[in-house]
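Me: Please take a close look at one part of this model, the annotated active site, and then go on to the cysteines and the neighbouring strands. I would like a careful, connected account rather than a list.

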Amino acid sequence: MKFTSSILLLTFVCLSQPSAHAAGVDIQAAIQKAGSYIVELDGTPGNTNIQAITNSHFTELFNGFTLHANKDFDPIQIASIPGVKRYQASPTNITYPYLHHATGVDAVVQNLGFTGKGVKIGVVDSGVDFNHPELGNCWKTLAAFPVVKPGPHPMDCMGHGTHVAGIIAGQGPQVIGVAQDATMGMYRVRDIISLSLGGGGWPEDPTSVACSNMVKKGIIVVVANGNDGDAGLFTAGSPGLGHGVISVGSVDNWNITGMPLMCKRDFPFVFENNVPLVTVVDSANSKLGCATISQDLKGKVALIQRGNCTFNEKAANAQAAGAAGVIVYNNAPGMMSPSVTDPSVTIPVVIITQEDGAYAVSALASGNVTVKAPKSNMSDFSSYGPSPELDIAPIVSAPGGNIYSTYPLKLGGYISMSGTSMATPYISGTAALFKQAHPKYSVDQLRQALSTTAKPRSDKTTGKNIHPYWSGSGLVNIFDAINSRVEFSPSALALNNTMSGPLSSVFGSMMGYFPRWSVRRVSIKNTDPHKAARISFSNSVADSLTPWAADGTFNPKPRTGWSTMPQAYAPELHSNNLVGPGQTRNIAVVITAPYGLKDSERWFYGGFLNFTMSWGFPLLADASGNVTTAPVTEKTPQVFNFRLELPSRLVSITLQDSKKKTMGYLPGGYLEYVSRNLQTPETFMYSAVVNGTVFKDTLMTQRVKVPAGQYQINLNALRPLGNPKNPKDYQAWTFTCDLHL
């Protein structure tokens with residue numbers, strides 16, 4: 001969805017829980033370990049004091065509260081409590097269990113304790129229904145932020161802004177946002193601005209320039225990349241093209257297709273390949289699936305109408321007939337939150353709208369219909385880069401297709417919507433979590449962290465990575481971003497002009513053809529102040545894209561092509577792959593075009609540079625124990641230090657030359673029946689000496705002096721119960737060093 005507006009609402013919206021007071025000791029004692037229920041109390045809203053027992057309560061539209069139960073809780077206990085009018089199972093939360101797991105949000109909340117508290121997020125959108133219970137059910141203005149025209153408050157009459165607000169900071173039970181405790185508002189802020197809007201397409205557009213200037217002032221600006229993916233390349237919109245802005249692409253919610261809601265949490269509705277959809281007719285000649293189903297549904301998805309029996313019964317009957325999954329379509333307008341609680345049901349079950357169900361029934365009456373619900377693909381509508389100046393856009397992707405969130409109460413309260421508009425607030429929420437974890441980080445540091453720790457998406461058709469012009473760096477992973485101990489700059493490399501010719505100056509004669517190539521430098525900073533980091537480098541091929549057919553005609557939908565050959569090299573890491581504590585290395589990367597793609601077809605190629613960092617042992621140190629990257633000389637021998645976390649029957653440390661010839665064992669480099677290392681100073685590590693001398697035999701009697709050159713240290717430790725004669729039974733590690741002898 002897009003929303004375009006030239007109005008900045010500067011009025012503050014307080015999206016925190018409303019206040020109330022205690023309801024009674026009896027209730028408090030009974031719900032100590034309760035949950036996943038909505039409890040209605042006697043009396044009118046606002047007259048019961050229950051703040052002392054729970055913050056998950058309502059006071060204006062409903063007199064009651066929500067509970068979160070463990071598996072041992074018996075809900076019958078609730079009914080016996082004085083003052084309880086009725087209770088019901090709370091609707092299953094749609095957003096949290098699935099999306100937040102894949103993006104690392106749940107790990108951040110549960111393991112690190114960050115919820116966005118203290119971080120301000122300004123939403124420039126269609127407003128917000130501030131009366132919604134999952135958005136705090138309150139409205140507040142601050143004198144420092146005066147109300148501006150066109151109205152005294154930002155009540156949402158369209159729904160777009162309320163949906164966005166729920167994605168950022170929904171407080172449950174149905175919608176749990178990314179940053180539940182962030183302060184959100186329609187006002188001018190100094191932390192994060194979330195813009196689910198856009199249009200145009202140049203970095204010089206006024207909105208792009210304005211956002212670029214906000215970034216310069218230290219404000220994090222997150223913007224939707226656009227929903228024009230069906231128009232192909234160069235569809236990324238402003239203000240997402242602003243310099244330093246975090247432009248966002250959309251990934252489909254793989255547990256929801258069309259507008260269904262998940263019913264069976266442990267069995268996601270995922271079908272990578274087309275699966276037949278079949279209308280069910282049970283033994284009662286009904287489409288309700290409430291009686292035995294005699295059809296052979298093996299390998300098929302059953303389409304069943306809602307009504308007359310429970311979802312448990314419908315699912316169990318379909319499963320007994322061999323169904324691979326169930327789609328229930330509503331028997332009334334709108335949506336609802338169903339639940340399948342029968343533990344014997346092990347197939348995915350979803351519900352769709354009455355309108356969508358009628359469409360499916362009609363399609364089945366006309367012929368065969370298949371269902372495909374691939375996991376975590378890029379959304380078809382998500383706009384492609386590059387910018388008109390060939391910069392990469394989007395920067396990162398987030399869940400944006402089929403996202404269930406809050407909606408104005410007058411319009412139903414909840415809805416599923418799709419768009420980069422939905423992906424944008426998701427990234428805004430992750431930015432709030434990062435800001436809480438690292439309050440002193442700059443906008444550029446945050447942008448780089450989100451980008452360089454994202455996970456590239458895979459093209460299910462080609463098996464290669466999706467091009468960065470569509471997915472950016474991939475699906476955000478905020479847990480890895482917060483915990484990263486390395487900073488990369490820049491986070492994206494736009495090659496633009498490339499050279500054409502031999503690479504002899506870089507690789508000698510190893511290249512057998514004359515590719516297009518380019519050299520870029522990447523800065524790698526080890527932020528750990530105490531430990532050196534080792535850099536392991538590889539690259540991943542992505543689909544190449546072109547809007548031109550082989551016959552020279554133009555087609556908006558990009559055509560893909562690819563090559564399996566390596567596309568990137570980091571020659572400097574061959575001789576030295578270490579970066580010291582708190583130090584920064586600037587490394588040249590040579591990037592070559594895929595072999596076999598014709599220049600005449602105007603291909604855009606790309607991929608991902610993979611830097612795997614490891615801290616700690618094994619490492620090379622000087623005589624004083626300091627980590628070093630200096631070469632070995634006769635006057636400056638080095639010590640190779642390593643630890644064993646498990647005992648090993650056999651450990652060997654050998655030196656190998658550039659032609660892969662093993663020269664011999666390092667001094668101290670052959671050990672049998674080795675104990676694991678302990679934490680005391682005398683047992684903390686094992687060591688071998690690197691001084692240009694090796695031994696040909698395991699008894700260390702046949703000494704050999706090696707010539708100067710580049711060598712590789714090979715550490716091999718035999719795994720428990722391993723066969724010493726089987727190379728696969730060893731855990732191996734390698735390290736490159738220079739001997740200047």
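Reply: A disulfide is taken here as a pair of cysteine sulfur atoms within 2.5 Å, and the structure, which is a predicted model, holds one such link. I return to that link after the site you asked about.

The UniProt annotation "active site", which comes from an unreviewed entry, covers Asp125, His160 and Ser421. These residues are spread over 297 residues of sequence, yet they cluster in space, with a largest C-alpha distance of 9.8 Å. Aspartate 125 lies in the loop that runs between β5 (120–123) and α5 (160–169), whereas serine 421 is found in helix α9, which spans residues 420–437. Aspartate 125 has a relative accessible area of 5% and is therefore buried, the cut-off for that class being under 20%. Serine 421 also counts as buried, because its relative accessibility is 1%. Within the annotated group, the side chain of serine 421 makes a polar contact with the side chain of histidine 160, at 3.1 Å.

The strand that precedes the loop of aspartate 125 can be followed further. β5 pairs in the parallel sense with strand β6 (residues 183–185), over three bridges, and β5 also pairs in the parallel sense with strand β7 (residues 192–195), again over three bridges. Glycine 122 stands opposite glycine 185 in β6, and glycine 122 likewise stands opposite isoleucine 193 in β7.

Turning to the cysteines, a disulfide is a covalent bond between the sulfur atoms of two cysteines. In this model the disulfide joins cysteine 290 to cysteine 309, with an S to S distance of 2.0 Å. The pair links distant parts of the chain, 19 residues apart, with cysteine 290 in the loop between β11 (271–279) and β12 (301–305) and cysteine 309 in the loop between β12 and α7 (311–320). The link of cysteine 290 and cysteine 309 is left-handed, with -85° about the S-S bond. The two ends fall into separate accessibility classes: cysteine 290 counts as partly exposed because its relative accessibility is 27%, while cysteine 309, at 18%, counts as buried. Two further cysteines can be placed on that scale, since cysteine 211 has a relative accessible area of 4% and is therefore buried, and cysteine 737 is buried with a relative accessible area of 4%.

Technical notes:
Residues numbered from 1 in each chain as written. Predicted model: local features only at pLDDT ≥ 70, side-chain atom pairs only at ≥ 80, totals over all residues. Heavy atoms only, no water. UniProt positions renumbered as here; feature names shortened; annotations may be inferred. Helix = DSSP H or I, 4+ residues; strand = E, 2+ residues; numbered from the N terminus. Buried < 20%, exposed > 50% of the residue type's maximum accessible area, 1.4 Å probe, protein only. Polar contact = N/O pair within 3.5 Å; in protein donor to acceptor, adjacent residues only side chain to side chain. Pairing = 2+ DSSP bridges.
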